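Please look over the sequence and the structure shown below before reading further. The explanation afterwards is meant to be read with both in view.

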Amino acid sequence: MHTKYNTLTWNKVVKQFIRSEMSKKSVDYKELSRRLAQISISQTPDNLRSKINKGILGAQLLMQILLVLNVRRLDSELIQEIWEDSTQ
């Protein structure tokens, strides 16, 4: 299958995008877990690390993470850049 549609590539994009947003906000996995708990989402730091490192998480958890990180807009240029880097 063409790399453009490779699931592993998109897993990398998810991982890098979330890590980038966490870095911008100076949030580690423990803090991310704490913030999620504030909106009644129970995820341990280790569980979050595992899911994010694999780039495999459900749409609901992705949206919850974006909410607690206060991501106001998805940066399509950043997503494109991460995707291009992942396909090389």
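The following paragraphs treat the core, then individual helices, and lastly the salt bridges.

This is a predicted model, in which local features need pLDDT of at least 70, side-chain atom pairs count only at pLDDT 80 or more, and totals for chains, interfaces and linings use all residues. Residues are numbered from 1 along each chain as its sequence is written, and side-chain values use heavy atoms, with hydrogens and water left out.

In soluble globular proteins, nonpolar side chains tend to be buried together. A nonpolar core is here a set of buried Ala, Val, Leu, Ile, Met, Phe, Trp, Tyr and Cys residues joined through side-chain atoms within 4.5 Å. Buried means under 20% relative accessible area, exposed means over 50%, and partly exposed lies in between, computed with a 1.4 Å probe on protein chains only. The largest nonpolar core has 21 residues, and those touching the most other members are Met 22, Leu 32, Leu 36, Ile 52, Ile 65 and Leu 69. At least two residues of this core come from each of α1 (7-24), α2 (29-38), α3 (45-54), α4 (59-68) and α5 (76-86). Helices (H or I, at least four residues) are DSSP runs, numbered from the N terminus.

The helix α2 shows how its residues are divided between inside and outside. Its buried residues are Tyr 29, Leu 32, Ser 33 and Leu 36. They are on the same side of α2 because they cover an arc of only 100° around the axis, the arc being that of the directions from the helix axis to the C-beta atoms. Lys 30 and Gln 38, on the other side of α2, are exposed. The buried residues of α2 pack against α1, α3 and α4, where contact means heavy atoms within 4.5 Å. Leu 36 touches Ile 41, Gln 43, Leu 48, Leu 61, Gln 64, Ile 65 and Val 68, leaving aside residues up to four places away in sequence.

Both ends of α2 have a further feature. At its start, a side-chain oxygen of Asp 28 reaches to within 3.3 Å of the backbone nitrogen of Lys 30. Just after α2, Ser 40 takes a positive phi of about 65°.

In α4, the buried residues are Leu 61, Ile 65, Leu 66 and Val 68. Among the elements that cover them are α1, α2 and α3. Asn 70, just after α4, takes a positive phi of about 60°.

A polar residue can also be examined in α1, the helix in which Asn 11 lies. Asn 11 has a relative accessible area of 13% and is therefore buried. Not counting residues up to four places away in sequence, Asn 11 touches Lys 54, Gly 55 and Ile 56.

There remain the charged pairs. A salt bridge is a side-chain nitrogen of Lys or Arg within 4 Å of a carboxyl oxygen of Asp or Glu, and the count by this rule comes to 4. In one of them, the side chains of Glu 21 and Lys 24 meet at 3.1 Å, N to O. Both residues lie in α1, 3 residues apart, about one turn of the helix. Glu 21 is buried, because its relative accessible area is 5%.

In α2, Glu 31, Arg 34 and Arg 35 are linked in a network of salt bridges. The closest N and O atoms of Arg 34 and Glu 31 are 2.5 Å apart, while the side chains of Arg 35 and Glu 31 meet at 2.9 Å, N to O. Arg 34 counts as partly exposed, at 41% relative accessibility, and Arg 35 likewise counts as partly exposed, at 22%.

Terms used
A polar contact is a pair of N or O atoms within 3.5 Å; within protein, one must be able to donate a hydrogen and the other to accept it, and residues adjacent in sequence count only if both atoms are side-chain atoms.
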